[in-house]
Amino acid sequence: MKFSELKDFNFSERINKGALLTATNKNGEINTMTVSWGSAGVLWNKEICTVFVRPQRYTYEFCESGDTLSLSFFGSERRDTLAFCGTKTGRDVDKFAHCELKFKLENGACIFDDAQVILVLKKLYAQDLKSECFFDNSPLINYKNNDFHRAYTCEIVDVIKK
């Protein structure tokens, strides 16, 4: 399914509530984290999604290593999962086991059994945010430690709706 064919799905509303960004590294290992910032639209004649990851996050290493990401949206019954995966690191805990996340890997993308909507993403471009590039300095309050996100702009290669 194409992203533009996804009906009754408000990306801005759903990402603001949290989604799991999951990346597979070149060794086939996976890690996931909760994200609540992102955008979706059209760029370079492709349907795209941009997600943001700070360099100190364990998932960052996986995003850097592999080419495929998935962005999974869940119902309210997974609110605790999103809270846990947003505050714990995969360096110290197996998030998949702790949250009883069942999944399969398809072409390098993690597909969670109980996700409502999954965007399968192929990395196209990445760039670090920089303080000198902000026209309005008000967002800099989010970067008190100068730990700017890396923006990953990805092609939405598949949409899975359950």
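**Fold, core strand and selected residues**

Me: How many helices and strands does the secondary structure of the chain come to?
Reply: This is a predicted model. Its secondary structure comes to four helices and nine strands.

Me: In what order do the elements of the chain run from the N terminus on?
Reply: The chain has four helices and nine strands to place. From the N terminus on, the order is α-β-β-β-β-α-β-α-α-β-β-β-β.

Me: Why is the chain as compact as a globular protein of that length, and what is the radius of gyration?
Reply: The globule rule gives 15 Å for 162 residues. The chain comes close to that value, so it is as compact as a globular protein of that length. Along its principal axes, the C-alpha trace spans about 40 × 40 × 30 Å. The radius of gyration is 15 Å.

Me: What share of the contacts with a separation of 6 or more comes from residues 24 or more positions apart?
Reply: Of the 162 residues, 45% count as buried. Among contacts with a separation of 6 or more, residues 24 or more positions apart account for 72%.

Me: How far apart are the mean positions of the positive and negative charges?
Reply: The chain carries 22 positive and 22 negative charges. Their mean positions are separated by 1 Å.

Me: Why is strand β5 largely enclosed by the rest of the structure, and how many of its residues are buried?
Reply: In a regular strand, side chains alternate between the two faces of the sheet. On one side of β5, T68, S70 and S72 are buried; on the other, L69, L71 and F73 are buried. Both faces are thus covered. The strand is largely enclosed because the buried count is six of six.

Me: Which strand joins β5 through six bridges?
Reply: Strand β1 (residues 19-24) pairs antiparallel with β5 over four bridges, and L20 stands opposite S72 there. A further antiparallel partner has L121 as the bridge partner of L69. The strand with six bridges to β5 is β8.

Me: Is R78 buried or exposed, and what is its relative accessible area?
Reply: R78 lies in the loop between β5 and α3. Leaving aside neighbours within four places in sequence, its contacts are C99, E100, L101 and D114. Buried means under 20%. R78 is buried, at 10%.

Me: How far apart in space are F52 and K95, C-alpha to C-alpha?
Reply: F52 sits in strand β4 and is partly exposed, with a relative accessible area of 21%. Leaving aside neighbours within four places in sequence, its contacts include V35, W37, L129 and H149. K95 is 43 residues away in sequence. In space, the two C-alpha atoms are separated by 20 Å.

Me: What is the phi of W44?
Reply: W44 belongs to the loop between β3 and β4. It counts as partly exposed, at 47% relative accessibility. W44 is not a glycine, yet its phi is positive, at about 55 degrees.

Me: Where is N107 found, and what is its relative accessible area?
Reply: N107 is found in the loop between β6 (103-106) and β7 (109-112). Its phi is positive, near 50 degrees, in a residue other than glycine. Exposed means over 50%. N107 is exposed, with a relative accessible area of 79%.

Definitions and conventions: Residues numbered from 1 in each chain as written. Predicted model: local features only at pLDDT ≥ 70, side-chain atom pairs only at ≥ 80, totals over all residues. Heavy atoms only, no water. Helix = DSSP H or I, 4+ residues; strand = E, 2+ residues; numbered from the N terminus. Rg over C-alpha atoms; globule rule 2.2 N^0.38 Å. Buried < 20%, exposed > 50% of the residue type's maximum accessible area, 1.4 Å probe, protein only. Contact = heavy atoms within 4.5 Å. Lys, Arg positive; Asp, Glu negative; His and termini not counted. Charge placed at Lys NZ, Arg CZ, Asp CG, Glu CD. Pairing = 2+ DSSP bridges.
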